[in-house]
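Here is a friendly walk through one structure, for reading with the model open beside you. We start at a single helix and move outward from there.

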Amino acid sequence: MTVESERYAQALDAIYHGFAEPDGITAALDTIRKLIGAEGATFEVIDTAARRPVIFHSSGAASAEGDDYLAHFAPRNPRLPVALRQQRSGLSWDYQVMDESTMNRDPFYAEFLPRAGLRYFLSVVLEQSPQRLVAFTLQRSPRQGHVGTCEIALMRRLTPHLQRAHRMRNSLVAAPGGDIGTAALDLLTDGIALLDPKGAIIHVNPSLQTISAGSGLFRIDSRGIQFGSSDLRSRYARAFDAVTRDGGLADADAALDFLAPRPDGLPPCTISLRALRHPWPRSDCPDAAAMMLVHDPLQASAATHLLQDLHGLTRAEAQLACALSAGMTAVEYAASRGVKVTTVYTHLKRTREKTGWRSVAELTRRVHEISIGLRAN
């Protein structure tokens, strides 16, 4: 992996982890501004009627003048009218707004920005509605100059990840107190079921429904989770009893996690049962007593999209990389896809050429480094 690809991968990791943490956005902004080259970075949620930010996060030089900006200059920002006219994913930069001579006469450019040592910007609209505008902006110094085609192209690559992380954050924060509701579970690629004390279904996320239909290991009905084989039914019953029994998990830890082998010999699913010792958020599922998590290594993940984005892999090459990292052999993958083994080896050769990875072990490690357990949509 080149230095540029490594830094880009680190930025993606910072975006997803930063937006998932209550106080993590500033760290994400800091990583992005260093990647693209900027003195400051801001994330703003703007009330379109008042033309003022209602949420404001900043990093670098943009932080120093933050209070003054919010108090006096936000409504006078000449960049804002341009952003309000844009569609979601729209990018803007200085020379779309005004030329150098107009900047020298504008109060925002001539009075406010010089105090922070700033001059130029590059911004993207993450969300646009009649009520609010959500924007991410990089702030550049006079020395750094106006953005070029490389910086603009890099911002375009980052845009879908910023939007996905922003949507994830909105889903995670289901209430002002920060309760995590079932909407957050619906984002996960791992299957999740919330169960009442008798094992009846309270909530099932879309991924679990997909795994149930694709693996044939279990079905979901009004009574709960119904495994097909007697061995898996017995393991599930012991694990469920262990996590829901009053007071006792000390002697039953081994029963909480087990593998569910597929009849066709492909990599098994991992089943985990966990007790919910604290009530699920009141607005969602107050009667949930246990959570079942199902990891299917064959399910497509966000890593597929990231591999395409990071290394220019085709979809087929990225899917092969993820399958091999999950433990499948080239022969098993060919059989599961109904293609020739020689085709799989051709994809593998091209994957190595594009990424520089020398072995399946290195491929596995790299895929696991960038894997993000979120549904692509």
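The buried residues of helix α15 pack against two other helices, α14 (315–325) and α16. Please keep in mind that this is a predicted model.

**A helix with two faces**

Which residues of α15 are buried? They are Ala330, Tyr333 and Ala334. Looking down the axis of α15, these buried residues stay within an arc of 100°, so they line one face of the helix. This fits a general rule: an α-helix has 3.6 residues a turn, so residues three or four places apart point the same way. On the face of α15 turned away from the buried side you will find Val331 and Ala335, both exposed. After α15 comes Gly338, with a positive phi near 70°.

**How α15 meets α16**

Two packed helices are described by the angle between their axes and the distance between the axes. For α15 (residues 330–337) and α16 (residues 341–355), the angle is about 115° and the axes lie 9 Å apart. Their crossing is right-handed. On the α15 side, Ala330, Val331, Tyr333 and Ala334 make the contact, while α16 brings Val341, Val344 and Tyr345. By residue type, this contact counts 7 nonpolar residues, with no polar and no charged ones.

**The nonpolar cores**

In soluble globular proteins, nonpolar side chains tend to be buried together. The largest nonpolar core here has 36 residues, and those touching the most other members are Phe19, Phe136, Leu158 and Leu162. Elements that each supply at least two residues of this core include the helices α1 (3–20) and α9 (149–172) and the strands β4 (120–128) and β5 (132–140). A second, separate core holds 24 residues, among them Leu195, Leu217, Tyr236 and Leu256.

Phe19 is a good residue to click on. Leaving aside neighbours within four places in sequence, its contacts include Ile25, Phe43, Leu162 and Met168.

**Two residues with an unusual backbone**

Most residues other than glycine have a negative phi, and most peptide bonds are trans. Arg51 and Ser89 are not glycines, yet each has a positive phi. Both sit in loops, and the table puts them side by side.

| Residue | Phi | Loop | Relative accessible area |
|---|---|---|---|
| Arg51 | about 55° | between β1 and β2 (52–60) | 37%, partly exposed |
| Ser89 | about 80° | between α5 (79–84) and β3 | 29%, partly exposed |

Conventions
Residues numbered from 1 in each chain as written. Heavy atoms only, no water. Axes fitted to C-alpha atoms, helices over the stretch in contact; angles between N-to-C directions. Helix = DSSP H or I, 4+ residues; strand = E, 2+ residues; numbered from the N terminus. Left-handed = near helix turned anticlockwise from the far one by under 90°. Contact = heavy atoms within 4.5 Å. Nonpolar A, V, L, I, M, F, W, Y, C, P; charged D, E, K, R; others polar. Core = buried A, V, L, I, M, F, W, Y, C linked by side-chain atoms within 4.5 Å. Buried < 20%, exposed > 50% of the residue type's maximum accessible area, 1.4 Å probe, protein only. Arc of directions from axis to C-beta.
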